Amino acid sequence: MPKKTERLEVGVQYAGKRRDLPRKALIRAWVHAAANANGERAGRITVRFVGQREGRRLNREYRSQDDATNVLSFPYALEPLLCGDLVLCAPVLAREAAAQDKSLEAHCAHLVVHGVLHLQAYDHDAGEQQASEMEGLERRILAALGYPDPYRDVD
């Protein structure tokens with residue numbers, strides 16, 4: 001019988017060239033901060049950075065939208081272990097960061113935190129109250145990590 005995972009294991013994958021994407025250690029710190037925001041969690045999360053083509057294919061296949069999006073969350077289990085995958089489209093992240101006058105690192109941190117909260121069943125599309133709760137939690141986590149408010153001056 002396999003031994004139960006008692007800690008949060010985080011895998012990071014880069015499909016294609018890394019460009020200016022954050023290092024694995026930094027991404028792991030973001031995942032841990034978001035997963036443990038409401039208490040220590042154990043499980044397995046994989047974060048994968050993809051290109052435009054893979055991002056578009058996954059968004060079309062799983063969300064029926066024929067374009068690449070910034071982050072997709074694929075939750076597999078919430079209890080007793082938190083398990084899931086995050087897929088972030090690097091070209092979309094770079095365009096959004098530039099358009100919002102943010103560093104790519106800060107934008108990646110925000111979307112990793114955002115995606116991990118989705119893995120924990122937070123859903124900003126489920127009403128104004130849940131959206132406000134999720135955004136507040138994102139702000140607190142990112143501030144604790146040393147990043148600015150991701151919703152400041154965003155249209």
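# Briefing on a predicted model

Strands β3 and β4 form a hairpin, with four residues between the two strands. The structure shown above is a predicted model, and the points below take up its strands, its aromatic pairs, its salt bridges, one buried arginine and a few unusual backbone sites. A search of the whole structure finds three aromatic pairs, and the count of salt bridges comes to seven.

**Strands around β4**

- Within the hairpin, β3 and β4 run antiparallel to each other and pair over six bridges, and one position along this pairing is Ala77, which stands opposite Cys83 in β4.
- Strand β4 also pairs with β2, in this case in the parallel sense and over eight bridges, and Val47 has Leu86 of β4 as its bridge partner.
- As for its surroundings, β4 is mostly covered, since seven of its eight residues are buried.

**Aromatic pairs**

- Among the three aromatic pairs found in the whole structure, one is formed by Tyr14 and Phe49, whose ring centres lie 5.7 Å apart and whose planes meet at 10°, so this pair counts as stacked.
- This stacked pair links distant parts of the chain, with Tyr14 in strand β1 (residues 8-14) and Phe49 in strand β2 (residues 43-50), 35 residues apart, and both Tyr14 and Phe49 are buried.
- Another pair is made by Trp30 and Tyr147, whose ring centres are 6.0 Å apart and whose planes stand at 80°, so the pair is edge-to-face.
- Because Trp30 lies in helix α1 (residues 24-35) and Tyr147 in the segment after α5 (128-144), this pair ties together parts that are 117 residues apart in sequence, and both Trp30 and Tyr147 are buried.

**Salt bridges of helix α2**

- Of the seven salt bridges counted, one joins Arg56 to Asp66, with the closest N and O atoms 2.9 Å apart.
- Arg56 and Asp66 belong to distant parts of the chain, as Arg56 sits in helix α2 (residues 52-63) while Asp66 sits in the loop between α2 and β3 (71-77), ten residues apart.
- Asp66 also meets the side chain of Arg60 in a salt bridge, at 2.7 Å from N to O, and salt bridges that share partners therefore join Arg56, Arg60 and Asp66 into one network.
- Each member of this network counts as partly exposed, with a relative accessibility of 36% for Arg56, 42% for Arg60 and 45% for Asp66.
- A further salt bridge brings together the side chains of Arg57 and Glu61, at 3.4 Å from N to O; both of these residues lie in helix α2, four residues apart, which is about one turn of the helix.
- Arg57 is likewise partly exposed, its relative accessibility being 38%.

**The buried residue Arg41**

- Arg41 is found in the loop between α1 and β2, and with a relative accessible area of 15% it falls under the 20% limit and therefore counts as buried.
- The side chain of Arg41 reaches the backbone oxygen of Leu78 at 2.4 Å.
- When neighbours within four places in sequence are left aside, the contacts of Arg41 include Arg7, Leu8, Ala35 and Asn36, as well as Leu78, Glu79, Leu81, Leu82 and Gln120.

**Unusual backbone sites**

- Most residues other than glycine have a negative phi, and most peptide bonds are trans, and the following sites depart from one or the other of these patterns.
- A cis peptide bond joins Glu79 and Pro80, with omega at about -5°, and Pro80 has its place in the loop between β3 and β4 (82-89).
- Asp101 has a positive phi, near 55°, although the residue is not a glycine; Asp101 lies in the loop between α3 (90-99) and α4 (104-119) and is exposed, with a relative accessible area of 72%.
- Ala121, again a residue other than glycine, has a positive phi near 80°; Ala121 is placed in the loop between α4 and α5 and counts as exposed at 53% relative accessibility.

Methods
Residues are numbered from 1 along each chain as its sequence is written. This is a predicted model: local features need pLDDT of at least 70, side-chain atom pairs count only at pLDDT 80 or more; totals for chains, interfaces and linings use all residues. Side-chain values use heavy atoms; hydrogens and water are left out. A salt bridge is a side-chain nitrogen of Lys or Arg within 4 Å of a carboxyl oxygen of Asp or Glu. Buried means under 20% relative accessible area, exposed over 50%, partly exposed in between (1.4 Å probe, protein chains only). Rings of Phe, Tyr and Trp (its six-membered ring) pair if their centres lie within 6.5 Å; planes under 30 degrees apart count as stacked, over 60 as edge-to-face and the rest as tilted. A polar contact is a pair of N or O atoms within 3.5 Å; within protein, one must be able to donate a hydrogen and the other to accept it, and residues adjacent in sequence count only if both atoms are side-chain atoms. Contact means heavy atoms within 4.5 Å. Two strands pair if DSSP finds at least two bridges between them.
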